[in-house]
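Please look through the structure below with its interior in mind, and then with its surface in mind. The paragraphs that follow take these in turn.

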Amino acid sequence: MNKNEHDHKHCLELFQKLSEYLDNELDEVSCKDIEKHIKECVPCFVCLQTLKRTVDLCKQAEDRPVPKDFSKKLKAAIQNMPKIPPAG
């Protein structure tokens, strides 16, 4: 598939399913669709590899408590975020 034929909408749809794909939560047809697309689309292949590596790094990371001050600031920042309406 060359650049001019590439449908980036399909990439976005695939991106939304990558976590489920890695967790083996998708049906066989969806998995085959993702695997076919990954073979043809370098950016999506790189995205999948990056996500796999990130998951592996998170699994290897040790648990550390978050400082209370940071936790308070983070909660406040989340509560003050503007609400984004659902896509539709």
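Which residues make up the largest nonpolar core? The core consists of 11 residues, namely Cys11, Leu14, Leu18, Tyr21, Leu26, Cys31, Ile34, Ile38, Cys41, Cys44 and Leu48, where a nonpolar core is a set of buried Ala, Val, Leu, Ile, Met, Phe, Trp, Tyr and Cys residues joined through side-chain atoms within 4.5 Å. At least two residues of this core come from each of α1 (8-15), α2, α3 and α4 (42-60), and α3 gives the most, with 3 residues. Helices here are DSSP runs (H or I, at least four residues), numbered from the N terminus. The model is predicted, so that local features need pLDDT of at least 70 and side-chain atom pairs count only at pLDDT 80 or more, while totals for chains, interfaces and linings use all residues. Residues are numbered from 1 along each chain as its sequence is written, and side-chain values use heavy atoms, with hydrogens and water left out.

Within this core, Ile34 touches Leu14, Lys17, Leu18, Tyr21 and Leu26, leaving aside residues up to four places away in sequence; contact means heavy atoms within 4.5 Å.

Turning to the loop between α2 (18-22) and α3 (28-40), one finds Asn24 there, which has a positive phi of about 55° although it is not a glycine. Most residues other than glycine have a negative phi. Asn24 is exposed, with a relative accessible area of 68%, on a scale where buried means under 20%, exposed over 50% and partly exposed in between (1.4 Å probe, protein chains only).

Farther along the chain, Ile78 lies in helix α5 (residues 68-79) and is partly exposed, with a relative accessible area of 49%.
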